[in-house]
Amino acid sequence: MTRRETLLGLLVLAAVLGGVLWARGRGRGERAPAAPGGVAGTAGATGATGAATAAGPEGALPDVTLADGSVEVGGVRLVLSAERPILAFSKVRWRARAESGGAPVALEDGRLSFEMTMPMGDHRYALLPGAGGWQEAEVVLPMCRSGSRTWFATLEGKVGGKPVSSRFRLELSPPPEEPAPAATPAAR
Ligand SMILES: [Cu+2]
């Protein structure tokens with residue numbers, strides 16, 4: 001073996017080793033974000049619970065999927081209502097109002113936002129005055145590809161200049177399916 005051949009052999013070996021290390025490093029790099037991503041999402045949502053921590057864990061939040069929900073905060077009752085079913089990918093009208101002693105009181109700077117435990121984009125809406133002391137927003141929520149349907153709604157605003165907020169939960173309904181091809185009893 002000449003020196004030249006030996007040198008060439010070493011270079012090839014170095015290239016192969018380099019390739020292996022690169023591939024391993026790359027594999028690690030690709031895998032790494034997946035796991036912490038989910039954990040971070042959960043932690044973020046828990047941290048964002050804010051005022052609702054008083055109401056207990058997220059499972060204890062008022063569920064507005066089938067009926068209006070309300071939360072008592074600082075002597076004010078915050079009520080949240082939605083057009084039902086709460087369909088994904090459809091314009092759904094949400095209504096909110098603040099009550100004191102059963103009568104509506106002004107909810108200033110009313111805002112409604114939606115999130116899941118994972119990042120699902122920005123879903124913040126300003127509430128606009130509606131009838132009967134209600135404030136409204138037309139909301140379109142996407143269906144999560146994970147199959148999870150649980151969303152959290154945060155209602156915020158001010159009553160008498162004092163900030164109020166509360167959290168609710170909801171199960172989003174999948175969009176109506178395309179009409180399935182009629183079951184064909186004759187097909188055998
Ligand atoms: Cu999702």
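# Notebook: strands, core and loops

**Entry 1. Asp-109.** I began with Asp-109, which counts as exposed, having 10 C-beta neighbours inside 10 Å. I note at once that the model is a predicted one. I then looked up the place of Asp-109 and found this residue in strand 5. Its phi is near 55°, which is a positive value in a residue other than glycine.

**Entry 2. The chain as a whole.** I next asked how many helices and strands the protein chain has. The secondary structure comes to two helices and ten strands. Read from the N terminus, the order of the elements is α-α-β-β-β-β-β-β-β-β-β-β. The protein chain has 188 residues, and buried residues make up 21% of them. I also looked up the contacts between residues at least 6 apart in sequence, and 57% of these join residues at least 24 apart.

**Entry 3. Confidence.** I checked pLDDT before reading further. The average over the protein chain is 78, and 66% of the residues score at least 70. Over residues 25-55 the pLDDT stays under 50. For that stretch the model has 19 contacts beyond four places in sequence. Where pLDDT is low, the predicted coordinates should not be read in detail. I therefore do not describe the coordinates of such a stretch in detail.

**Entry 4. Strands 1, 2 and 3.** I followed the pairing from strand 1 onward. Strand 1 (69-73) and strand 2 (76-82) run antiparallel and are joined by five bridges. Within this pair, Val-71 stands opposite Leu-78 in strand 2. The two strands form a hairpin with two residues between them. Gly-74, in the turn of that hairpin, has a positive phi of about 55°. Strand 2 also pairs with strand 3 in the antiparallel sense, over six bridges. There I noted Ser-81, whose bridge partner in strand 3 is Arg-95.

**Entry 5. The loop between strand 2 and strand 3.** I looked up three residues of this loop. Pro-85 is found in it, and the peptide bond from Arg-84 to Pro-85 is cis, with omega near 0°. Phe-89 also has its place between strand 2 and strand 3. Its phi is near 60°, a positive value in a residue other than glycine. Is Phe-89 exposed or partly exposed? I record Phe-89 as partly exposed, because it has 13 C-beta neighbours inside 10 Å.

Ser-90 lies in the loop between strand 2 and strand 3 as well. It is partly exposed, with 15 other C-beta atoms within 10 Å. Which residues does Ser-90 contact, leaving aside its neighbours within four places in sequence? They are Val-140 and Pro-175. Ser-90 and Val-140 are 50 residues apart in sequence, yet their C-alpha atoms are 5.4 Å apart in space.

**Entry 6. Strand 9 and its partners.** I turned to strand 9 (residues 150-159) and asked how many of its ten residues are buried. Seven are buried, so strand 9 is largely enclosed by the rest of the structure. Strand 5 (residues 108-115) is joined to strand 9 by six bridges, and the two run antiparallel. Ten bridges join strand 9 to strand 10 (residues 162-171), again in an antiparallel arrangement. I used Leu-155 as a marker for both pairings: it is the bridge partner of Leu-112, and it stands opposite Ser-166 in strand 10. Strand 9 and strand 10 form a hairpin with two residues between them. Gly-160, in that turn, has a positive phi of about 60°.

**Entry 7. The largest nonpolar core.** I looked up the members that touch the most others among the 27 residues of this core. They are Leu-78, Leu-80, Ala-96, Trp-151, Ala-153 and Leu-170. At least two residues of the core come from each of strand 1, strand 2, strand 3 (92-100), strand 5, strand 9 and strand 10. In soluble globular proteins, nonpolar side chains tend to be buried together.

I then took Ala-153 by itself. Not counting residues up to four places away in sequence, it touches Val-64, Leu-80, Leu-112, Phe-114, Arg-167, Phe-168 and Leu-170.

**Entry 8. Glu-58.** My last look-up was Glu-58, which is found in the loop between helix 2 (34-47) and strand 1. With 16 other C-beta atoms within 10 Å, Glu-58 is partly exposed. Phe-168, which appeared above as a residue touched by Ala-153, is 110 residues from Glu-58 along the chain. The C-alpha atoms of Glu-58 and Phe-168 are separated by 8.3 Å.

Terms used:
Residues numbered from 1 in each chain as written. Predicted model: local features only at pLDDT ≥ 70, side-chain atom pairs only at ≥ 80, totals over all residues. Buried ≥ 20, exposed ≤ 12 C-beta atoms within 10 Å, placed from the backbone. Helix = DSSP H or I, 4+ residues; strand = E, 2+ residues; numbered from the N terminus. Pairing = 2+ DSSP bridges. Core = buried A, V, L, I, M, F, W, Y, C linked by C-beta atoms within 7 Å. Contact = placed C-beta atoms within 7 Å. pLDDT = per-residue confidence, 0-100.
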